[in-house]
Every structure is written in structure tokens, then in C-alpha cells.
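Visitor: Please take a close look at one part of this model. I would like the core, and what is packed and bound around it.

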Amino acid sequence: MAPSNRAWVMALLFGLILFVLASRSFSSKPYEGKAYNEFLADVQAGRVEQVRMGGNVIRATYAQGEQVQVIPLDVEYALDELRKANVPVEYVRLPGRPWWGGLVTGLLPAGLLIGYLWLMARPGAGGGQLFQFSRSRARLLGREENRITMKDVAGLPETKEELAEVIDFLRSPERYLELGARIPKGVLLEGPPGTGKTLLARAVSGEAGVPFYSISGSDFVEMFAGVGAARVRDLFERARASAPCIIFMDEIDAVGRQRGHGLGGANDEREQTLNQLLVEMDGFAAAEGIIVMAATNRIDVLDPALLRPGRFDRVVHIDPPDRGGRAEILLVHAAGKRLEPAVSLDDIAALTVGFTGADLANLLNEAALLAARRRKEAIGPAEMENAYERVVTGGAEKKRVISRQEKQRVAFHEAGHALVSRKLSHTDPIQKVSIIPRGRAAGYVLYRPEEDRRTQSRTEFLDFLTGILAGRAAEEVVLGDTSTGAANDLERATDLARRMVTQWGMAPELGPILVSGRDGASVGGVGAAPVFSERTAWTVDQAVRKLVHEGYQRAVDLLRRHRDALERVAHALLERETLSGSELEKLI
Ligand code: ADP
Ligand code: MG
Ligand code: ZN
């Protein structure tokens, strides 16, 4: 360390000691702190003997000699209480801080910061780390570390087909260039979270055997103006030096949102970053052997400039897997795990409609954890089933004490869902009803979906809506009261009804019309005007309300008509907590 550095360190240490001493000296108190409400209780109970008061602080001496200090929320009220309890109050000037106390506490952190910055910024000392801010945070995975290949990606045959060309180009760019073939510079992977976008990008680089620079959109969004843009510049510079390679920008929507809706600093910064990204993408020729890949689940919010030719001119959509895809994904993730022969991955695939690859990986992992906790040799059907419940309902919570009353309400609520779904003709069969709380749900009904549905009819939706509302309807029919337990149901029902009306043209009042802007309510910012009239908005509200009301009324009617069955199911639930599909069938 250079002599001048040592001097600085000494100065800092000295400052620190001063700070500690100073803060000691003006908080020297033999008084214990106490919560205000506890103190009031003590006053009312006559435990307080005497009080001294100054400014906003009360110091009390207790009958047993205990001394406490309280900050009253409401001085007037505290005084009233003290008067009622006949506690003598003495007004004093309680010792405050010395005048220089504020100076020390205020200036010292600033001094420390200046010293720190000065040390870090000096070339040589600390290597000028301060200015590393602008270096990109991209993580580089070399050929050796990135062992993920297309074998690790299950299903998605069309996607793999589309990416095969990119891989081939990265392996031998010359061949393409000699023929004058134009290769996309940018490939945007688009799809819901957990469908394997990040995985695919890594597999492309692993398969092509080229370096993989990955950075996430959120890494770019910094509070210092200009840092994001500098990072982009640096990222492309580094990539150029090691072409052919892949630059992967995960969650690009964090930087790539449409420009021009901004209000304030963070947006300026994001726009600068985005502009820099556009400049860099225009600035390199495909001949350089760099492919920029990006992933997003919100392509609708991306700035259109990103999708222009010469930028992300190829968009690859990724959907959640169908049954066959799910079976393949399960197979990939079951590879390192021991399963009992009784576990059928095909059955699980059939049961997990709507699961993404990430959900499935999670499912198998949960099952393995359960098997380990139960000291089992291999994962059995019981573990798979419990893991499934856990994934579907968002994980079991710590046990909570539930009153008998609440349990009864939950039992009628879930029995309502089950009974009404069972009485409607367009609903999935029920696998299980339970009043054991899981995640945020106080109870749940598990359905066994029969097949993948590509499209659904209005009749099916109406039944579904009725089933969702049946929980609350049962509470009202039986207990004559409603509770917060149905809040999530109401949200789902309203959301479904709204989509029926606005997206799928299922309300006769509006007819087959799509009611939403290009970006729907999602962008919402200052510039985004709705593309429908206020009258339409009003009609939509009416139609949504009507759908929900009618669904609710249907549920109430059904429950009134089958009141006996409802009671039977609810009482069985109270007794056994969980009913299987067939047990339910017998009761109904
Ligand atoms: P995304 O980036 O689309 O949100 P990820 O690529 O991060 O999703 O996927 C998360 C995890 O889910 C992966 O690491 C992988 O374990 C699993 N996964 C997702 N899709 C697949 C798939 N098609 N094949 C195998 N595993 C998958
Ligand atoms: Mg991802
Ligand atoms: Zn419910």
C-alpha cells in the first residue's frame, strides 16, 4: 500500500472511532425502551409510579424500581391516561444531543464515501474498479462449461428445426457466406415463462460449440444514466473479439419496451440502452459470425424497431408442451432419478395439462425430495401424487391453527365447487377434494383434465364459470354469509368473463368483436389510447357483470336443488378432510 493510502486508512479509522464514541455519548441511557401500548397497559394497571416528560419522550419509574423510556404516539392521550391513573408527571428538559452530534453523524458517512470513491478511482490502487460499472455484466460460457445441447431440450420439434440452420451457420459461417445466403442476425425466442427459452439458447451454443455471452435485460437497467448503453457497447466489443459466438439477451423486454411512454429518469436510461442496442445490431455484419439471440414472454410490449429487418428478424414462438412433449420432457428430467416401476410418466403427462417444462422439472424434483425425506429407495406413485398437489396448489404452507367455524365454511365452500362441477356436463372429472390448506388456498378441488384442449366453447366456459363461483354460492346458501375465502375465485371468474366478452366475442350484446387495443391494457402509459369507445367499455362492463351474475345464480340454484348432497359432502369433508373422486361419487 502506498504511504498516502495508509494515511487515508488511518483517517478513516480515526473518523470511525470518533463516530462510535459520539453516538455512545448522546445515547447513554440507563432507561430501557418499551413499547408504547405496553406502557399504557402498565399505567392503567397502576404499575407506574412516577413519570418525567420532556419533548416527545416519557421516562417512567415503575413501582418495582424499573426505569423505562417510551416515545408516545399521542402525547395528549398519554397525559390523560396518566392523569386518570394518578401518576405524578414532572416536566423537564431531557438531555438532548450536543450541537455537534448532528454534524458528526451527518458528515461522517459522506466523508467515508468520498474517501472510498477516491481510493477506488485512483488508477493503480484498487485497479480503478469504480469504472468497472460500465463493463458489461455478461457471463461468458466457454466451449467447455456449456455442456447443454439439443439432447437436453425435449419436445419442440419445429423449434429445433428452425434453429438447426443457425447452429449450422455458427459451425461453418464460410459455407453460407460463399453462397451469399443471408442469415438472420437476431433470433427472438418468444413464449410463456418456463417453456425452455433460456435452455434453448444455451443448447444452440452448446450444439454449435461457440462461446455464449449471456446477459439479462434487468442487468442493463441501472440507476446511473449511460451505464446500460456502455454495457451494451462493451458486450458487443467483447463478442466481436471471439466470433463466431452467440450473444444472448434474456428478458429483453426489460430494456426493449416501446419508447416514448417514459416519464422520468429510469426510462431515459432504458431508452439510451435500447438505442445503443439498435446501433450495435445495425453495426455488425452477419459475416462477422455473431448471432444475437433474445428471449421474452412479452413480445407485445417490445419496441417495433427491434423487430425490423437486420435486427431480430426471426421470431420463434414457443408454446407450452402438449401431451407428447410433456412425456418427453418428463423422460429427460427423470433420467438421473430412480423411479418405482409403478410410476407411469405417460400418466403424469396426461395429468399435467398446461404445465411448462419448468413445472415438470419442478414436479419431478419435488417428488425426489419427498422420497428422500421419506427415506425411500425410489420415487413411488404416492410421492408423485403429493408433488403434483404441491406444484398445482403452490406448495404447502406452515401449519396454521384453523377454528372449527372456518373449517366448516371451507368444507361447504369446497363441497360447493365439487358438487356443482359434478352436476354440470362440460366440466372435467374430479380427482380429489380437500379442506387441507395448501399455499394460499384454504382448500382445493383437483380436476383430472381429460385431454389437451386447443379451443373451448362458450358452453364449456359458462359451466367453468359456474363451477368457480360455486364455492361462494355454497357459503351463501348454507351459512347465509360470505367470506374473504372466495376472493381468488371472484378474481378468476371476473377475469374469465371479461376475456369471454373482449377477446372471444362471446357476449351477445357485442357480438363477435375484439375489444382491446393492440397492446390491450398492458402498455397503458400516457400515449396508449384505447381503441374502443366509452360506450363499448360500458357495454363490456355490463356484459361481464351479466355473465358472472348468471353463473352465480346457476350455482345457487343447483346447490339449493341438491342441498342434501351438499350437506353430505361437506360433513364427509369435515370428518375426513380429503375425499377422492370415487368417494365423492358415492356421496352424490
Ligand atoms: P424460460 O427461459 O422459457 O423461462 P427456462 O429455459 O429457464 O425457461 O426453463 C427452465 C427449466 O425448465 C429448464 O432449466 C429445464 O430444466 C426445464 N425445461 C423447460 N423446457 C424444457 C424442455 N423443452 N426440455 C427439457 N427441459 C425443459
Ligand atoms: Mg429464461
Ligand atoms: Zn373457491
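Guide: What follows starts with the ground rules and the whole chain, then moves to the core, a helix pair, the metal site and some single residues.

This is a predicted model, in which local features need pLDDT of at least 70, side-chain atom pairs count only at pLDDT 80 or more, and totals for chains, interfaces and linings use all residues. Residues are numbered from 1 along each chain as its sequence is written, chains are lettered from A and ligands numbered from 1 in the order in which they are written, and side-chain values use heavy atoms, with hydrogens and water left out.

First, the chain as a whole. It has 21 helices and 14 strands. Helices (H or I, at least four residues) and strands (E, at least two) are DSSP runs, numbered from the N terminus. The chain has 588 residues, and 42% of them count as buried. Buried means under 20% relative accessible area, exposed over 50%, and partly exposed in between (1.4 Å probe, protein chains only). Among contacts between residues at least 6 apart in sequence, 74% join residues at least 24 apart. Contact here means heavy atoms within 4.5 Å.

Now the core. The largest nonpolar core holds 49 residues. Such a core is a set of buried Ala, Val, Leu, Ile, Met, Phe, Trp, Tyr and Cys residues joined through side-chain atoms within 4.5 Å. Val501, Leu559, Leu566 and Leu573 have the most contacts inside this core. At least two of its residues come from each of α16 (404-423), β12 (430-434), α17 (458-479), α18 (487-502), α19 (534-561), α20 (563-576) and α21 (581-587). The biggest share is from α19, which gives ten residues. Another core lies apart from this one, with 27 residues, including Met150, Val187, Phe212 and Met293.

Which residues does leucine 573 contact, leaving aside neighbours within four places in sequence? They are Ala411, Glu414, Ala415, Val433, Ser434, Ile435, Thr578 and Leu579.

Next, a helix pair. Two packed helices are described by the angle between their axes and the distance between the axes. For α17 and α20, the axes come within 12 Å and cross at roughly 105 degrees. Axes are lines fitted to C-alpha atoms, for helices over the stretch in contact, and angles run from 0 to 180 degrees between N-to-C directions. The helices α17 and α20 are therefore roughly perpendicular to each other. On this scale, angles under 35 degrees are roughly parallel, over 145 roughly antiparallel, 65 to 115 roughly perpendicular, and the rest oblique.

The residues that meet are Ala474, Val477 and Val478 from α17, and Arg563, Leu566 and Glu567 from α20. By class, this contact has four nonpolar, no polar and two charged residues. Ala, Val, Leu, Ile, Met, Phe, Trp, Tyr, Cys and Pro count as nonpolar, Asp, Glu, Lys and Arg as charged, and the others, Gly among them, as polar.

Two further residues belong to these helices. Leucine 479 lies in α17. It is partly exposed, at 33% relative accessible area. Beyond neighbours within four places in sequence, leucine 479 contacts Gln408, Arg409 and Ala474. The C-alpha atoms of leucine 479 and arginine 409 are 7.8 Å apart, although 70 residues separate them along the chain. Aspartate 564 is in α20. Aspartate 564 is exposed, with a relative accessible area of 57%. From its C-alpha atom to that of leucine 587, 23 residues away along the chain, is 9.8 Å.

Now the metal. The zinc ion (ligand 3) has His413 (NE2), His417 (NE2) and Asp489 (OD) as its protein donors, 2.0 to 2.1 Å from it. Donors are N, O and S atoms within 2.8 Å of the metal (3.2 Å for Na, K and Ca); water is not among the atoms, so sites may look incomplete. The donor spacing in sequence is H-x3-H-x71-D. Histidine 417 is in helix α16 and aspartate 489 in helix α18, so the pair ties together parts 72 residues apart in sequence. Both of these residues are buried.

Last, two residues outside these helices. Glutamate 383 sits in helix α15 (residues 381-393). Its relative accessibility is 2%, so glutamate 383 counts as buried. Arginine 375 is in the loop between α14 (357-373) and α15. Its phi is near 55 degrees, a positive value in a residue other than glycine. Arginine 375 counts as exposed, at 72% relative accessibility.
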